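Good morning, everyone, and thank you for making room for a short presentation today. Please have a look at the structure on the screen before I start to talk through it.

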Amino acid sequence: MRWATRAGVHIDRAACAWLIRRHVDPEPEFVFVDDPASVPGDATPFDMRGADLSHHGDDCSFETILRRYELGDPVLWKLAEIVHEADIDDERFDAPEARGVDVILRGLSMICSDERVLEITGPIFDGLYEFHRRALLLGREPA
Amino acid sequence: MLLAYRIPRQPSTPRISIWRKLDRLGVARLGDGLVALPADARTREQIDWIAEEIGEMGGSSTVWLAAAGSAAQEKDIAAEMRQARAAEYRAVLQQAETAAGARPGERSRTLKRLQAELRRIGRRDYFPPAEREAAQRAVRALAEDSPSEVAR
């Protein structure tokens, strides 16, 4: 399937792309556009004005995708807190990782293409997921 | 960048939630339902989401990339925003000075709160006033007097 989002990806879009690849569509093709009007007809837009898979109320796009695709995995919801705080920063959640992740993504967007940012952030989100999966099972931070 | 918006009077909860979000961004309020912010990638995105949310709650809005009619008007708006931040920095400075004389536990709690508050103000500080430096210095001084694990 094709998916479209705004060019110049930052935390929410990078995390959504990871989420889509891991849990929605194993072989996604991502398109980056500057204007919502240039989304290809066969692509599903996300994290763009006017798209369903975007911010709604207090939710960021990552949270919206979790809801729309009924992904109830508590580890994904833990990551959602980090993405939410890195993106919106409204202190709804206590996610101290958010600030670091935000800075890393901002820095990457300065030196890489959008495609490359998705390549690099894939393993970062995989690692975050694994860390929080173990933390949840152990009931404390893994070593 | 300007956001011109209208939100239904009732219910009031969504109105207030939008008001708070705009406050957090540090907008200059130019009139009833008209706010301004310097345009950069982050502020444009934030304003776009707020505009979208206003639409979802039954209101309407337009986002403008606008230029003031004269440099003086633009300066006045920037000065107003700078003063708003200056007042926030002064509040931090005052609390930091008060906390310097408090007991250690109380002092480190205040320190954490003020560090968070400085970060929050910093994010909406587009035209840094002189007060910023003083507030940062006062909070740093508080950190240096506190046990290291709290100051981290």
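I will begin with how the model is to be read, then go through chain B, the salt bridges, and a few backbone details.

What you see is a predicted model, in which local features need pLDDT of at least 70 and side-chain atom pairs count only at pLDDT 80 or more, while totals for chains, interfaces and linings use all residues. Residues are numbered from 1 along each chain as its sequence is written, chains are lettered from A and ligands numbered from 1 in the order in which they are written, and side-chain values use heavy atoms, with hydrogens and water left out.

Let me start with chain B, which has six helices and four strands, where helices (H or I, at least four residues) and strands (E, at least two) are DSSP runs numbered from the N terminus. Along the sequence these elements come in the pattern β-α-β-β-α-β-α-α-α-α, and the C-alpha atoms of the chain fill a box of roughly 50 × 40 × 25 Å, taken along the principal axes. Of its 152 residues, 35% count as buried; here buried means under 20% relative accessible area, exposed means over 50%, and partly exposed lies in between, with a 1.4 Å probe and protein chains only. If we take the contacts in chain B with a separation of 6 or more, residues 24 or more positions apart account for 75% of them, a contact being heavy atoms within 4.5 Å.

For this chain there is also a database record: an unreviewed UniProt entry lists residues 15-95 of chain B as "domain: ChrB N-terminal", with positions given in the numbering used here, feature names shortened, and annotations that may be inferred rather than shown by experiment. In the model, that span is 64% helix and 15% strand, and its end C-alpha atoms lie 31 Å apart.

Now to the charged side chains. Side chains of opposite charge can pair when their charged atoms come close, and a search of the whole structure finds 30 salt bridges over all chains, each being a side-chain nitrogen of Lys or Arg within 4 Å of a carboxyl oxygen of Asp or Glu. One of them joins D47(A) and R6(A), with 2.9 Å from N to O. What does this pair tie together? D47(A) lies in the loop between β3 (43-45) and α2 (61-68) of chain A and R6(A) lies in strand β1 (residues 2-6) of that chain, so the pair ties together parts that are 41 residues apart in sequence. Both D47(A) and R6(A) are buried, and the relative accessible area of D47(A) is 0%. These two residues also belong to a network of salt bridges that links R6(A), R13(A), D47(A) and E45(B).

Two other pairs are worth showing. In chain A, D59(A) forms a salt bridge with R67(A), the closest N and O atoms being 2.6 Å apart; D59(A) counts as buried at 9% relative accessibility, whereas R67(A) is partly exposed at 42%. In chain B, the side chains of E53(B) and K21(B) meet in a salt bridge at 2.8 Å, N to O, and this pair links distant parts of the chain, with E53(B) in helix α2 (residues 41-56), K21(B) in helix α1 (residues 12-25), and their positions 32 residues apart. Of these two, E53(B) is buried at 10% relative accessible area, and K21(B) counts as partly exposed at 23%.

Finally, some backbone details. Most residues other than glycine have a negative phi, and most peptide bonds are trans. Which residues of this model depart from that? D47(A), already met in the salt bridges, has a positive phi near 50°, and E91(A), which is not a glycine either, has a positive phi of about 60°. E91(A) lies in the loop between α3 (74-87) and α4 (97-111) of chain A, where at 41% relative accessibility this residue counts as partly exposed. In chain B, a cis peptide bond joins Q10(B) and P11(B), with omega about -10°, and P11(B) lies in the loop between β1 (2-6) and α1.
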